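Hi everyone, thanks for making time for this. I'd like to walk you through one structure today, so please have it open in front of you.

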Amino acid sequence: MFFSSRTVVLAALTLSLPNALCQEASDVNAYMAPSLEAQDEPPAPKIHIGCYKEKTRGDSLKTFAGVTNTAMSPQACETHCSQYQATMYGLTRGNQCLCGDQISTGTIGAPLSECNTACNGDSSNFCGGVLRVNIYGPEALLTEPKVPSTIVHKGCYKEPFGAKSALRDYPLLNDAKVSIKMCQDHCSAYQSKFFGVENGRICNAVAVTVSTVLLPLPIRSQFKRIGQWGPLIQFPAVPVAVALLPETGNLLAWSAGWKNDWTFAGNGKTYYATYDTKTGNVTQGLYEDTKHDMFCPGLSMTAEGKVFVNGGSTYQKASQYDEQTGRWTGVSNMKVGRAYHSSTSTSEGKVFAIGGNWRGAGKKDGEVYDPKSNTWTSLPGAPVSLMIKNAFVFQAGPSKPMNWYGTKGTESQKAAGLRGADTDSMCGIFVMFDALAGKFLTLGGATTYTGTPHKRAHIITLGDANGAVNVERIGDAEYARGYASSVVLPNGKVFIVGGQYNMVLFSDSNPVLFPEMFDPETNTFSKLKAHTVPRNYHSVAILMPDATVFVGSGGLCGGCQANHFDGQHYSPPYLFETDGVTLAKRPSISSATSKVALGGSITVTMADAGSYTFSLIRMSAVTHATNTDQRRIPLAASSGSGAEYILPIPSDAGIALPGYWMLFANNEDGVPSVAHTVQVLI
C-alpha cells in the first residue's frame, strides 16, 4: 500500500511528552490479517540504545568475534553479528564492529556527543570513537535519556511525497527502529530545538521550526543561518598542510615523510597531493630531491606566488613549490634549524622566520630570507609573528606579552604590552580580519599545549608600526577550543571551525563539532551547521576562490584512529537564498586589473550595474592552525562609467602585502562573487 505523503512526528525540547501518535483523520491505519498457520515471532529489531564508554579497547561486547572493516556501517556490523545470533552489536573507532549478548562489567553510559566518529562506510551514521561504542540491541535494553525529558509533542505532520525531509540539519539515525527517548538523546547532542520520528525507524534533528508543510515558516530556512557541508574529498596522504595556488585556485596539500605518520628526525621525503577544484581529481606526488621532510614547517606565500616551506622535521632545509612547473625545488639552508615555528611574508617581499621547538640547537633567533639573492640573514630572537607593517612584525601571541620586531638590519624589539587580562593561549586563534584598520581577532587556546582551553575573545587594533596597541575584551565565543582553525571571509566575518574542548594530541575525542561565525559589526558569535568528522589536532581550513572554505585533515599518527585522509567544503550562509536550498544568484566580475602597484588602483567591470562592496583577501598557506599571511582589506569603491568601479589600493606594503590576492565583489544581499586574482607588486 502506498500513501501520498510521509507522516512525521515532531517534538520540541520544551515540556513533557504525551504519547507521540499520528491520529489525524487524514491518516490511514493499515492492518494485515494473520495467516491461518502459526508463525514464529521474528527476532526483535535492534535499535540504537546508547553511547557507552569502555574500560579498555573492545571489551564492551566480547561474547563473539568482532571485525574491522574499512567500509564499516551499522548495517555491516549487524550483518556480521547476526551469524552468531548476538543480542547486541556495537561500533567503535569508525571501523570496528563488536558482538555480544551482554554489556561487559565496567562499561558505562556516556553522552551521545562523545560517540562522534563517522562510520568509514556510511558518513551519515556514527561508529563510536576512541573507547566509545555505539551499541545496538533490543529496545528493552534502552537506557534512560541523558537529557531532561522536557519535551512537548507538537503533533503529526505530513510532508509532500518524495520530498527531502525538512528535519535534516544534522546526521539522522537510520537503520534502527527508533524510540522517542532514543531520538531525543541523539538530537540533544546537537542542541537541536526540534526532532522528528518518521516511518517508524528514522530520527531527524532540526535547529529551528522549518517547513511550510509542517509549520508556518519558510522551508529549510535554517540553512541561510548555518550554511551547508559538501561531500568528503579523499586524499592519498593526511593533508596536514595546505596552500592555495594562485594561477588555478587549486589546492596543494602535503603530510610528511610518510602518508599517515611523522617522526622528529623525518626521512628526507614529503608526500604531497594536488586537488583540482574544477574536476575534483586528486593527484599525488613524492618530493625527495633535496631530502626535505616538510612536516611542521614555517609557511609563507611569496610575492611571486610560490609556496615557501622552511624547516620542519628536516630542520635546516627550505623548499618552494612553483605552480607553473608543478615542481618543488630547494633553496639555501636556514641559519638556524627549526620546526614548530612561524614564518610570514614581509613588506619587502622577503620571508621572516622565528621561534621553533624540538629541532635544531640553540636560540631560535629570527632570520630573513631574500628570494632575489637566495640568502638568509640572522636577526635577534622573538616568539611568534602575525602582522607586518613597514618592515615591522607584530607578535600577538600565544604569549600574553605582545611585541614589535623590526626586520631590517640587525633587527629591533619593542614591548607592545599585554593582551588584556588574557593568559598565554597556546594553539589559539589569531586572525587579521581588517588589515586596513589593523584589527584582528584572538580566541581560545590554553596555557599549555595540551589541556583545557578557554573561550575568551579579544579584538586587537594596531596603530602606527612599532606604536601603541589597543586591546578590547569582547564577549566569549560559543565554545572553548584549542587546535581550531579560523578563516576570514569576503564580508569580513570570521569562520571558526574544529578543535577540542579538552586538548589531546592525536585523538578524535572531545571534538567541537559546531563551527561558529564571528561578526565584527556586533562583536558576537553564532553557531553554524555541525560537521560529522572531528577536525582536531593537525586539522586545516582555508578560503577558496569560490568563497567556500576547505576544511580537512587531522591526525598523522601512524595507525591511530584519528587519521583523516579527507576534507570537505563548507558553504557559508551567504551562498544561499532564504529557502536554504536554492543557491543565491552571485554577482559576477566581467574583468578586472590583474596586476597593481602599491598605491595604485584596480579597475573592475561587473556583469551588471548595482551596489557592491569589494574586498581583497590574500592567498595563503596553513598548517597546525597557523596562517600568518591571511588578511583581508576592505576596499572603498568609486563608480566609473556603467558597471565600472575604481578601487584604490593602500600604499603601505605592510597592509597590501606583495603577492597574490583574491578580489571579491559582494552585492547588496552580501552574496560574494567568485574571486578574481590580483597580484600586488613590490
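Let's begin at Cys557, which counts as buried at 18% relative accessibility, because the cut-off for buried is under 20%. Its disulfide partner is Cys560, and the two sulfur atoms sit 1.7 Å apart. Cys560 itself comes out as partly exposed, because its relative accessibility is 26%. Do keep in mind that this is a predicted model.

How many disulfides does the count come to? Five. Let me show you two others.

One of them is formed by Cys51 and Cys115, with 2.0 Å between the sulfur atoms. The torsion about that S-S bond is about 85°, so this disulfide of Cys51 and Cys115 is right-handed. Cys51 belongs to strand E2 (residues 46–53), while Cys115 is in the loop between strand E6 (108–110) and strand E7 (118–119), so the pair ties together parts that are 64 residues apart in sequence. Both Cys51 and Cys115 are buried.

Next, Cys81 is joined to Cys99 by a disulfide, again with an S to S distance of 2.0 Å. Is the link of Cys81 and Cys99 left-handed or right-handed? It is left-handed, with -80° about the S-S bond. This pair links distant parts of the chain: Cys81 is in helix H1 (residues 74–82) and Cys99 in strand E5 (residues 96–100), 18 residues apart. Cys81 has a relative accessible area of 3%, so Cys81 is buried. Cys99 is at 0% relative accessibility and therefore counts as buried too. While we are on cysteines, Cys296 is also buried, because its relative accessibility is 3%.

Now to the aromatic residues. Searching the whole structure gives 29 aromatic pairs. I picked two of them for you. In the pair of Tyr275 and Phe550, the ring centres are 6.4 Å apart and the planes stand at 40°, so this pair is tilted. Here too, distant parts of the chain are linked: Tyr275 sits in strand E17 (residues 270–275) and Phe550 in strand E40 (residues 549–553), 275 residues apart. Tyr275 and Phe550 are both buried.

My other pick is Phe495 with Tyr570. Their ring centres are 4.6 Å apart and their planes are at 10°, so the pair is stacked. Phe495 is in strand E36 (residues 494–497) and Tyr570 in strand E41 (residues 566–571), which puts them 75 residues apart in the chain. Are Phe495 and Tyr570 buried or exposed? Both are buried.

There is also a cluster to look for, if you like clicking through side chains. Trp262, Phe264, Phe295, Tyr340, Tyr449, Tyr483, Phe506 and Tyr537 are linked into it by ring pairs. And for a charge over a ring, find Lys527, which lies over the face of Phe514 at 4.7 Å from the ring centre.

Let's turn to the sheets. We met strand E17 through Tyr275, and E17 is part of an open sheet of five strands, in the order E18-E17-E16-E15-E46, with antiparallel pairing. Strand E18 (282–287) and strand E46 (621–623) are at the edges with a single partner strand each, so one side of each has no neighbour in the sheet. On average, neighbouring strands of this sheet are turned by 20° against each other, ignoring direction. E17 and E18 run antiparallel and are joined by six bridges. To see one of those partnerships, look at Ala273, whose bridge partner in E18 is Gln284.

The other sheet I want to show is an open one of four strands, ordered E19-E20-E21-E22, with antiparallel pairing. Which are its edge strands? Strand E19 (298–301) and strand E22 (327–330), each pairing on one side only. Neighbouring strands of this four-stranded sheet are turned by 20° against each other on average, direction ignored. Strand E20 (residues 307–310) and E21 run antiparallel, with four bridges between them.

I'd like to finish on Gln320, a residue of strand E21 (residues 318–322). Opposite Gln320 stands Phe308. Is Gln320 buried or exposed? Gln320 counts as buried, because its relative accessibility is 14%. What does Gln320 touch? Leaving aside residues up to four places away in sequence, Gln320 touches Lys306, Val307, Phe308, Arg327, Trp328, Thr329 and Val331.

That's my tour, and I'm happy to take questions.

Conventions
Residues are numbered from 1 along each chain as its sequence is written. This is a predicted model: local features need pLDDT of at least 70, side-chain atom pairs count only at pLDDT 80 or more; totals for chains, interfaces and linings use all residues. Side-chain values use heavy atoms; hydrogens and water are left out. Rings of Phe, Tyr and Trp (its six-membered ring) pair if their centres lie within 6.5 Å; planes under 30 degrees apart count as stacked, over 60 as edge-to-face and the rest as tilted. Helices (H or I, at least four residues) and strands (E, at least two) are DSSP runs, numbered from the N terminus. Buried means under 20% relative accessible area, exposed over 50%, partly exposed in between (1.4 Å probe, protein chains only). A charge sits over a ring if NZ of Lys or CZ of Arg is within 6 Å of the ring centre and within 35 degrees of the ring normal. Two strands pair if DSSP finds at least two bridges between them. Axes are lines fitted to C-alpha atoms, for helices over the stretch in contact, and angles run from 0 to 180 degrees between N-to-C directions. Contact means heavy atoms within 4.5 Å. A disulfide is a pair of cysteine sulfur atoms within 2.5 Å.
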